[in-house]
Amino acid sequence: MSKYLLEIGTEELPYRFIPSAIEQLKTGFENFLNVNKIGYEKIEVYATPRRLAVIVGGIAAKNSEEIKIIKGPIKNVAYDENGNLTKAAEGFLKKNGLKPDDIYIENDYVYAKITIKGRPVVELLQQNVPGIVMKLQGPHFMRWGYNDEKFSRPIRWIVSVLDKDEVKIRIIDKESSIYSRGHRFAQQKVMIGHPDDYIETMRNACVIVDQNERKRIIVEKANAEAEKLGATVRFSEDLLEEVTYITEYPVAVVCEFDPKYLQIPEEVTVTVMAVHQRYFALYKNDKLINKFITMTNYIGDEFLNIKAGNVRVIKARLDDAVFFFTEDTKKPLVDYVQDLKGITFQKGMGSVYDKTQRIIELSKNIALDLGEISPTVERTALLCKADLTTSLVFEFTELQGFIGADYAKVSNEDKRVVEGIKEHYFPLNAESETAKGIEGQIVGIADKLDTICAVFADGKKPTGSSDPLGVRRAALGIMRTVLDAQLKIDVAKFIKIALNLLPVRNDCVDEINEFFVQRLIIMLSDKYNRNVLEACAACKNPLCDLIDYVERVKILSELNCPQLLESANRVIRILKSVDFVAVDPKLFNVPAENMLYEAVLSVNENFKYRAYLDALVSINPIVERFFEEVLVNDKDENVKKNRLALLNLLKLKYQVLADFSKL
């Protein structure tokens with residue numbers, strides 16, 4: 001088996017495009033190989049800021065032979081009255097390279113069996129690889145030179161090698177060769193003799209092409225430098241990924257800034273370092289210190305200029321932060337609330353001040369239902385958006401909530417209010433922590449519900465390509481908060497309340513409920529079977545009690561009784577479009593009827609779900625006996641209706657857990 005290497009060398013790619021390009025290239029090559037029936041073992045995709053590379057291992061020398069049945073004209077069109085081939089039949093033969101003996105008649109049509117011989121893989125690669133690359137999609141694609149075609153950044157070189165031989169291809173204005181380029185400050189003409197040598201050859205040219213290896217190196221080098229200082233590094237996945245995709249040869253450098261900047265909120269300093277400068281903050285005893293690590297894409301051992309440049313840049317950013325912090329804290333946080341009237345929340349939905357008033361009202365309602373009526377909840381709701389009008393948040397928007405908490409602390413607000421302001425934005429992403437305090441939980445749910453309802457009421461529900469105001473993340477945040485904190489809250493009820501608080505009227509309750517349920521099923525589908533999730537959602541609205549829903553899903557996921565499923569589905573099929581009456585035991589005339597009636601009544605809906613499911617399993621033999629001994633559609637109409645009513649009583653017991661027809 002052979003091995004094929006493609007490397008596309010470019011100007012520096014946007015780091016956000018690279019992970020997507022990796023997935024697109026892998027999918028593109030998989031589709032090409034599968035569609036063309038080319039055997040292969042595995043596809044590996046590597047990427048740096050200056051190159052995208054694909055290595056296909058175990059690729060066959062040619063694609064498989066294919067036997068194909070082709071259909072020709074109808075018999076009376078293919079042959080004349082004397083049984084001779086007509087012009088239509090001759091055209092069919094000529095088009096497909098056939099002889100008269102190759103065709104046969106079946107179902108009054110002419111057919112032929114043809115063998116498509118395998119083509120050399122070199123030929124197929126030359127025809128298809130440029131198209132795979134040009135199908136890559138991403139933001140801000142560009143043209144260069146006199147070219148009409150677009151790509152993320154100008155292509156500077158191409159390597160295309162099958163084993164030891166070049167496979168000549170052309171993409172836009174560049175032709176392939178067997179020469180790559182090393183690091184910008186290293187060897188610029190690197191011969192690739194064989195795909196097996198690619199990774200090591202590029203390593204010798206100071207390029208770590210494997211992004212996973214680069215990530216490991218970054219972590220190892222940062223930890224090693226931190227250990228020398230007796231410090232630790234906190235890696236955020238976003239920053240680690242970004243640094244991985246902006247370096248080809250990461251080298252760790254420790255820099256130091258003036259300790260006076262540690263007086264401003266830690267979140268500000270860390271954000272300046274991480275978000276604005278891609279630095280890794282350092283900690284001792286869980287406290288930020290005045291040193292940081294930057295990962296340079298550098299070859300050499302002279303770091304004085306690098307250190308001086310980085311310190312100069314961060315000093316300017318931190319000076320701005322100190323100034324804004326000093327100015328902002330000259331008045332208490334509550335004084336910023338009125339300024340929210342000058343910030344539009346969403347067209348037609350009032351200002352952020354109006355949104356704040358809705359959050360207060362909604363928070364009070366939620367707190368009342370939870371039995372958590374407290375002045376700290378209402379105070380948190382009042383102050384939760386106040387920091388949006390401060391200079392520091394205007395400069396560092398990603399710090400909203402964190403700055404509000406710091407300013408609330410400076411303003412001597414209650415400790416629970418301080419935490420609530422910060423936590424009401426939680427979770428910040430799909431994996432991050434949810435709010436721990438009741439203030440952050442309640443106000444966070446109220447805030448997110450208001451946003452979701454406002455978007456739907458304005459007719460801007462999310463689509464496959466858009467997520468206005470991050471409503472998908474907001475819905476996920478609400479449900480994670482409820483489940484993590486085990487809050488007994490009727491989300492469906494508060495969707496209606498939130499809609500009624502909006503300045504516009506739009507009856508989109510069902511739409512929002514469906515949106516939430518679909519997000520819930522997607523959220524839980526990693527843990528549970530989708531059929532179980534949908535079955536449990538179908539019998540009652542999961543939003544009315546998310547904890548109850550998850551409990552039913554857990555219990556039903558453990559069910560291993562096909563006989564119960566068969567019985568339940570049989571009952572559901574029989575009862576379609578049936579009008580029900582009350583069960584009258586006096587009309588029973590077969591012992592199995594009375595046995596089933598007593599068995600159904602014995603299933604207590606106050607049981608915990610595990611015991612409830614066990615009860616349904618235990619009575620199933622009686623259900624099976626009923627179907628063996630009783631004809632439901634009795635000639636006597638009253639007896640028939642009574643038996644249907646009995647089965648409906650059983651169906652209602654099933655529906656306490658789920659709609660079994662979906663399992």
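Visitor: Which hand does the crossing of helix 22 and helix 24 have?

Guide: In this predicted model, the crossing of helix 22 and helix 24 is left-handed.

Visitor: Why are helix 22 and helix 24 called roughly parallel?

Guide: Helix 22, residues 591–602, packs against helix 24 at an angle of about 25°, with the two axes 10 Å apart. Angles under 35 degrees count as roughly parallel, and helix 22 and helix 24 are therefore placed in that class.

Visitor: What makes the contact of helix 22 with helix 24, and how do its residues divide by class?

Guide: Helix 22 brings Glu593, Leu596, Tyr597, Val600 and Leu601, while helix 24 brings Arg643, Leu646, Leu647, Leu649, Leu650 and Lys653. By class, this contact has 8 nonpolar, no polar and 3 charged residues; since Asp, Glu, Lys and Arg count as charged, Glu593, Arg643 and Lys653 belong to that last group.

Visitor: How do you know which class of angle applies to helix 21 and helix 24?

Guide: Helix 21 (residues 562–574) and helix 24 (residues 637–655) pack at about 125°, and their axes lie 10 Å apart. Because that angle falls outside the roughly perpendicular range of 65 to 115 degrees and is not over 145 degrees, helix 21 is oblique to helix 24. The crossing of helix 21 and helix 24 is left-handed.

Visitor: Which residues of helix 21 and helix 24 meet, and what are their classes?

Guide: From helix 21 come Leu564, Ser567, Ala568, Val571 and Ile574, and they meet Leu644, Leu647, Leu650, Lys651 and Tyr654 of helix 24. The residues of that contact divide into 8 nonpolar, 1 polar and 1 charged.

Visitor: Why is helix 15 called oblique to helix 18?

Guide: The axes of helix 15 and helix 18 come within 10 Å and cross at roughly 125°. An angle that is neither in the 65 to 115 band nor over 145 is left to the oblique class, which means that helix 15 is oblique to helix 18. The crossing of helix 15 and helix 18 is right-handed. Here Leu449, Ile452, Cys453 and Phe456 of helix 15 meet Glu511, Ile512, Phe515 and Phe516 of helix 18, a set with 7 nonpolar, no polar and 1 charged residues.

Visitor: What makes up the lining of the second largest pocket, and how much space lies in that pocket?

Guide: The second largest pocket holds about 400 Å³ of space, and of the 14 residues that line this pocket, Leu483, Asp484, Met523, Leu524 and Lys527 are the closest to its centre. Two or more lining residues come from each of helix 16 (471–485), helix 18 (509–524) and helix 20 (546–557), with helix 20 giving the largest share, 4 residues. By class, the lining has 7 nonpolar, 1 polar and 6 charged residues.

Visitor: What makes the backbone at Pro427 and at Asp108 worth a look?

Guide: Phe426 and Pro427 are joined by a cis peptide bond, with omega about -5°, and Pro427 is found in the loop between helix 14 (415–423) and helix 15 (438–457). Asp108 has phi near 70°, a positive value in a residue other than glycine, and Asp108 lies in the loop between strand 5 (103–106) and strand 6 (109–116).

Note on methods:
Residues numbered from 1 in each chain as written. Predicted model: local features only at pLDDT ≥ 70, side-chain atom pairs only at ≥ 80, totals over all residues. Heavy atoms only, no water. Axes fitted to C-alpha atoms, helices over the stretch in contact; angles between N-to-C directions. Left-handed = near helix turned anticlockwise from the far one by under 90°. Contact = heavy atoms within 4.5 Å. 1 Å grid on protein atoms, 1.4 Å probe; cavity = no way out; pocket = protein on both sides within 12 Å on 5 of 7 lines; lining within 4 Å. Points joined across faces, edges and corners; volume = space filled by probe spheres on them.
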